[in-house]
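Open your viewer and set the display to cartoon, with side chains hidden for now. The stops below each begin with something to select.

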Amino acid sequence: MKCKICGGPAIVQLPHYNMNLCKDHFIHFIQKRVKQAIDRYKMFSYNDKILVAISGGKDSVSLWYILTKLGYKADGLFIKLGYDHQVKPALDIAQKLADLTGRKLIIEDATRYFYGKSVFEAAKILHRHTCSLCGKVKRYLMNKATIEYGYDVLATGHNLDDEASLLLGNILHWQTGYILRSFPVLESTHPKLAKKVKPHCLNYEKDIKTYVDLLNLPYLQQTCPFSLGAKLPIYKSLWDNLEKYQPNAKITFYKGFLREKNKIFKIQENQPKLQECNICGYPTINQTCSFCSARISLKTKIEKLNS
Ligand SMILES: [Zn+2]
Ligand SMILES: [Zn+2]
């Protein structure tokens with residue numbers, strides 16, 4: 001097995017790209033895929049201040065590392081969704097990465113918005129699905145931090161498997177609104193709405209894992225215990241099955257969508273008009289945003305429990 005680039009001994013097999021690579025060329029290749037996504041989809045420039053959402057998992061850890069390696073001004077954002085002992089392993093990793101990259105780590109404490117409760121407890125009290133409340137809280141606080149700390153763009157670690165699976169799910173249900181938003185760049189459409197980008201969108205999940213392992217980057221192995229009920233894993237395994245027969249099915253599908261999107265769907269940006277939430281001032285389509293609504297009902301329920 002020889003490296004396609006230098007002819008030296010290859011250690012990584014990439015059937016989806018029909019090539020094998022040595023360690024150095026593989027590392028360079030993954031970083032180059034990130035740079036390609038940034039440039040091709042006009043995510044940001046070297047002058048922009050970038051905030052990377054860090055969960056402690058391999059995707060966000062490697063993204064922060066790669067962006068600083070490529071010379072971008074990228075700081076990290078960690079959202080504390082639970083109590084200290086629950087989030088410590090992930091926070092330790094985020095802090096290690098801050099040392100490694102020499103960049104700043106911002107820590108946002110979600111529990112202070114939930115009267116001291118963790119997001120998991122708040123979901124229980126509200127009888128909500130943990131993943132949906134957790135997702136809502138993360139999206140809200142990521143946006144808020146990007147705006148309030150003066151960053152130009154928010155970057156998340158979503159990889160090709162995430163994006164292809166999400167897109168497949170949305171197509172299977174013909175969720176055209178979501179399909180149109182399945183783009184690795186979401187521009188800001190309001191002064192308090194941050195531009196959002198996914199620079200890992202062209203990298204396979206398993207390649208990112210190989211990348212962090214080869215570089216010995218610290219990351220959290222375990223995925224969120226609450227996400228087991230989510231549908232994404234089903235679509236992911238569908239893709240993996242398909243790739244057994246057609247090793248580049250995922251990347252061909254996803255890149256095809258990015259290329260053909262505007263031809264398939266008439267872009268009628270029929271987006272609902274954004275207004276400012278009457279409580280927090282952040283953009284929403286309703287009078288009160290869903291984050292503030294969740295806080296109000298949580299407060300009522302806690303008061304009821306305590307009375
Ligand atoms: Zn090589
Ligand atoms: Zn609000």
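## First stop: Asp59

Select Asp59 and show its contacts: leaving aside residues up to four places away in sequence, Asp59 touches Gly157, Asn159, His200 and Ile208. This is a predicted model, so keep that in mind as you go. Asp59 sits in helix H2. Is Asp59 buried or exposed? It has 23 C-beta neighbours inside 10 Å and so counts as buried. Now add Val212 to the selection: Asp59 and Val212 are 153 residues apart in sequence, yet 8.8 Å apart in space, C-alpha to C-alpha.

## Zoom out: the whole chain

Before the next residue, take in the full cartoon. The chain has 11 helices and 10 strands. Its C-alpha trace spans about 70 × 45 × 40 Å along the principal axes. A compact globule of 307 residues would have a radius of gyration near 19 Å, and the chain's value of 20 Å agrees with that. If you colour by burial, 34% of the 307 residues count as buried. A contact map is worth a look too: among contacts between residues at least 6 apart in sequence, 67% join residues at least 24 apart.

## Helix H1 and the residue after it

Next, select residues 23-40, which form helix H1. Its 18 residues reach 26 Å from the first C-alpha to the last, close to the 26 Å expected at 1.5 Å a residue. Show the side chains of His25, Phe26, Ile30, Arg33, Val34, Ala37 and Ile38, which are buried in H1. What do the buried residues of H1 pack against? Their partners are strand S1 (12-14), strand S2 (19-21), helix H2 (58-69) and helix H8 (205-214).

Move on to Lys42, which follows H1 and has a positive phi. The value is near 50°, in a residue other than glycine. Lys42 belongs to the loop between H1 and S3, and with 10 C-beta neighbours inside 10 Å it counts as exposed.

## Helix H5

Select residues 130-148 for helix H5. At 1.5 Å a residue, its 19 residues should span 27 Å, and the end C-alpha atoms are 26 Å apart, which agrees. Show the buried set here: Thr130, Leu133, Cys134, Val137, Tyr140, Leu141, Met142, Ala145 and Thr146. These buried residues pack against strands S3 (49-53), S4 (73-80), S5 (105-109) and S6 (153-155), and also against helices H4 and H11. Just after H5, click on Gly150, where phi is positive at about 75°.

## Where H4 meets H11

Two of those partners deserve their own view. Select residues 119-126 for H4 and 290-306 for H11. How are these helices set against each other, at what angle and with what distance between their axes? They pack at an angle of about 70°, with their axes 10 Å apart. Angles from 65 to 115 degrees count as roughly perpendicular, and H4 and H11 are therefore roughly perpendicular to each other. On the H4 side the contact is made by Ala122, Ile125 and Leu126, and on the H11 side by Ala294, Ser297, Leu298, Lys301 and Ile302. Coloured by chemical class, the residues of this contact divide into 6 nonpolar, 1 polar and 1 charged.

## Three more residues to click

**Trp174.** Look in the loop between helix H6 (160-172) and helix H7 (176-181). Trp174 has a positive phi of about 45° although it is not a glycine. Its C-beta has 8 others within 10 Å, so Trp174 is exposed.

**Asp92.** Select helix H3 (residues 84-101) and find Asp92 within it. With 13 C-beta neighbours inside 10 Å, Asp92 counts as partly exposed. Draw a distance to Gly56: the two residues are 36 apart along the chain, and their C-alpha atoms are separated by 8.4 Å.

**Leu186.** Finish at strand S7 (residues 185-186), where Leu186 lies. Leu186 is partly exposed, with 15 other C-beta atoms within 10 Å. Not counting residues up to four places away in sequence, it touches Arg181, Lys195 and Lys196. For one last distance, pick Ser237: it is 51 residues from Leu186 along the chain, and 27 Å separates their C-alpha atoms.

Technical notes. Residues numbered from 1 in each chain as written. Chains lettered and ligands numbered in written order. Predicted model: local features only at pLDDT ≥ 70, side-chain atom pairs only at ≥ 80, totals over all residues. Axes fitted to C-alpha atoms, helices over the stretch in contact; angles between N-to-C directions. Helix = DSSP H or I, 4+ residues; strand = E, 2+ residues; numbered from the N terminus. Parallel < 35°, antiparallel > 145°, perpendicular 65-115°, else oblique. Contact = placed C-beta atoms within 7 Å. Nonpolar A, V, L, I, M, F, W, Y, C, P; charged D, E, K, R; others polar. Rg over C-alpha atoms; globule rule 2.2 N^0.38 Å. Buried ≥ 20, exposed ≤ 12 C-beta atoms within 10 Å, placed from the backbone. Expected span 1.5 Å × (residues − 1).
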